[in-house]
Amino acid sequence: MSYDRTVRLAVTDFDAATTAVRHALADQGFGILTEIDVQATLKAKLGHDMEDYLILGACNPPLAHQALEADRSIGLLLPCNVVVRRDGDHTLVQALDPGTMVTLTGLDALKPVADEATARLDAALTALAAS
């Protein structure tokens, strides 16, 4: 079972790619609630060097509200994680497939929310891939 939606960007500047991801998500109504710089954290805590790797916690408040109304425990799967990471000379942008909420919970009430979130995330990813 695939649980991600991924695009590969030709952008070599990681900061520029991250800025583009933030803008593409904002254009689809997602705000960034959390940000984890995995590269910096592993370096600081373990002395481990790795490629650029950032996890953004993206949230579309109306969709989050609908999901929480359908299932209060769905907060375990929120916000939607979006990973921006270096992959050789490219940058990968990966988003958790919102359909995972329906698959994991088995709740049909979450399907409209997952479908809308998927459409919005796909629009953001498509915009990134086209730029």
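These are my notebook entries on a predicted model of one protein chain.

**Entry: the overall layout**

I began with the secondary structure and found five helices and five strands in the protein chain. Reading from the N terminus, I wrote the order down as β-α-β-α-β-α-β-β-α-α.

Next I looked at the dimensions. The C-alpha trace spans about 40 × 35 × 25 Å along its principal axes. How does the radius of gyration sit against that of a compact globule? For 131 residues the globule would come near 14 Å, and the protein chain has 15 Å, so the two agree.

I then turned to the surface. The protein chain exposes about 7,200 Å², and carbon and sulfur atoms supply 55% of that area. Of the 131 residues, 35% count as buried.

I also checked how far along the sequence the contacts reach. Taking contacts between residues at least 6 apart in sequence, 67% join residues at least 24 apart.

**Entry: the cysteines**

How many disulfides are there? My count came to zero disulfides. Cys59 is in no disulfide, and its nearest cysteine sulfur, that of Cys80, is 9.6 Å away. Looking from the other end, Cys80 is in no disulfide either, with the sulfur of Cys59 as its nearest at 9.6 Å. A disulfide needs the two sulfur atoms within 2.5 Å, so this pair does not qualify.

Are these cysteines buried or exposed? Cys59 has 15% relative accessibility, so I logged Cys59 as buried. Cys80 has 12%, so Cys80 went down as buried too.

**Entry: Gln94 in strand E5**

I picked Gln94, which sits in strand E5 (residues 90-96). Its relative accessible area is 18%, and because the cut-off for buried is under 20%, Gln94 counts as buried.

Which side chain does the side chain of Gln94 meet in a polar contact? The partner is the side chain of Arg85, at 2.9 Å.

I listed the wider surroundings as well, leaving aside neighbours within four places in sequence. Gln94 is in contact with Asp4, Arg5 and Thr6, and also with Asn81, Val82, Val83 and Arg85.

**Entry: Thr105 in helix H4**

My next stop was Thr105, found in helix H4 (residues 99-105). With a relative accessible area of 29%, Thr105 is partly exposed.

What lies 2.7 Å from a polar atom of the Thr105 side chain? I found the backbone oxygen of Met101 there.

Beyond residues up to four places away in sequence, Thr105 touches Asp71, Ile74 and Leu110. I also noted Ser73, which is 32 residues from Thr105 along the chain, while their C-alpha atoms are separated by 9.4 Å.

**Entry: the salt bridges**

Side chains of opposite charge can pair when their charged atoms come close. I tallied nine salt bridges in the structure, and I looked up some of them here.

Lys43 and Asp49 meet through their side chains, at 2.9 Å from N to O. Lys43 is partly exposed, with a relative accessible area of 42%. Asp49 is exposed, at 57%; the exposed class starts over 50%, so Asp49 belongs there.

Glu69 pairs with Arg72, and the closest N and O atoms are 3.3 Å apart. Are Glu69 and Arg72 buried or exposed? Both Glu69 and Arg72 are exposed.

Lys111 forms a salt bridge with Asp115, where the closest N and O atoms are 3.0 Å apart. Where do Lys111 and Asp115 lie? I found both in helix H5 (residues 111-130), four residues apart, about one turn of the helix. Lys111 has a relative accessible area of 41%, which makes Lys111 partly exposed. Asp115 is partly exposed as well, at 40%.

Which residues are linked with Arg5 in a network of salt bridges? They are Asp97 and Asp122. Arg5 had already come up in my notes as a contact of Gln94.

Terms used:
Residues are numbered from 1 along each chain as its sequence is written. This is a predicted model: local features need pLDDT of at least 70, side-chain atom pairs count only at pLDDT 80 or more; totals for chains, interfaces and linings use all residues. Side-chain values use heavy atoms; hydrogens and water are left out. Buried means under 20% relative accessible area, exposed over 50%, partly exposed in between (1.4 Å probe, protein chains only). Helices (H or I, at least four residues) and strands (E, at least two) are DSSP runs, numbered from the N terminus. Contact means heavy atoms within 4.5 Å. A polar contact is a pair of N or O atoms within 3.5 Å; within protein, one must be able to donate a hydrogen and the other to accept it, and residues adjacent in sequence count only if both atoms are side-chain atoms. The radius of gyration is taken over C-alpha atoms; the globule rule is 2.2 Å times the number of residues to the power 0.38. Accessible areas come from the Shrake-Rupley method with a 1.4 Å probe; for residues, only the protein chains shown count as cover. A salt bridge is a side-chain nitrogen of Lys or Arg within 4 Å of a carboxyl oxygen of Asp or Glu.
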